[in-house]
Amino acid sequence: MGLGFAIPSNVAKTVYAQLKGGRASIGWLGISVQNLTGDLARAFSIPTAVSCLVITQVAPGSPGALAGLKQGDCIERADDTPQTDAVAFEWLIRNSEIGSTVQLRVRRGLGPTQTRTVQVAQRPQP
C-alpha cells in the first residue's frame, strides 16, 4: 500500500517564492487552539451555545501574550470571520503577512466579548 501527500498549489507557489528570497515566512501568534468540545466548555465555563476555538496554551512573551490572551479564552471571530475549525485558524495565521494585525473577538468565561488586536510575528525557529 502506498502513501501520498498533497500540498495545495497556492501554498506551494507561496513557499517557493519565499524560499527563492532566502527564507519562508510563517505567521505566529504564540497560541495553541482547539475546537470547542463539551468538556472544554465545562472546564473553562464557556456557554455551550457559543461557537469558538479555545486557547489551550499561550507562549510567554509571544504576540498573543502581549495582547492579553490567556489559556481558556474563546476565540469567536478573527477579522470578522467566525472561527470553529482549529486547523483552518492555524492556516490563516501561518499564511498571514509578518507584521500584519489580526482582530480577534474573544470571550473569557461567562464575561462579555472583547476585541484583541494581535500582531503576527515570524514563527521562531525550533
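**Overall view: the elements of the predicted chain.** The secondary structure of this predicted model comes to 4 helices and 8 strands, where helices (H or I, at least four residues) and strands (E, at least two) are DSSP runs numbered from the N terminus. Read along the sequence, these elements follow the pattern α-β-β-α-β-α-β-β-α-β-β-β. Of the 126 residues, 29% count as buried, a word that here means under 20% relative accessible area, with exposed meaning over 50% and partly exposed in between (1.4 Å probe, protein chains only). Residues are numbered from 1 along each chain as its sequence is written. Because the model is predicted, local features need pLDDT of at least 70 and side-chain atom pairs count only at pLDDT 80 or more, while totals for chains, interfaces and linings use all residues, and side-chain values use heavy atoms, with hydrogens and water left out.

**First close-up: the disulfide of Cys52 and Cys74.** A disulfide is a covalent bond between the sulfur atoms of two cysteines, and it is counted here when a pair of cysteine sulfur atoms lies within 2.5 Å. By this rule the count comes to 1 disulfide, in which the sulfur atoms of Cys52 and Cys74 are 1.7 Å apart. The pair links distant parts of the chain, since Cys52 sits in the loop between helix 2 (38-43) and strand 3 (53-58), and Cys74, 22 residues apart from Cys52, belongs to strand 4 (residues 74-78). The torsion about the S-S bond is about -120°, so the disulfide is left-handed. Both Cys52 and Cys74 are buried.

**Second close-up: the second largest pocket, lined by 14 residues.** On a 1 Å grid over the protein atoms alone, a pocket is an open set of points where a 1.4 Å probe fits, with protein on both sides within 12 Å along at least five of seven lines, and lining residues have an atom within 4 Å of a point. Trp28, Ile31, Ser32, Glu90 and Arg123 lie nearest the centre of this pocket. Strand 1 (27-28), strand 2 (31-35), strand 3 and helix 4 (86-94) each give two or more residues to its lining, and helix 4 gives the most, with 4 residues.

**Third close-up: Ala121 in strand 8.** Strand 8 covers residues 121-122, and Ala121 is partly exposed, with a relative accessible area of 23%. Not counting residues up to four places away in sequence, Ala121 touches Ile26, Gly27, Trp28, Pro63 and Ile98, where contact means heavy atoms within 4.5 Å. The C-alpha atoms of Ala121 and Ser62 are separated by 8.5 Å, although these residues are 59 residues apart along the chain.
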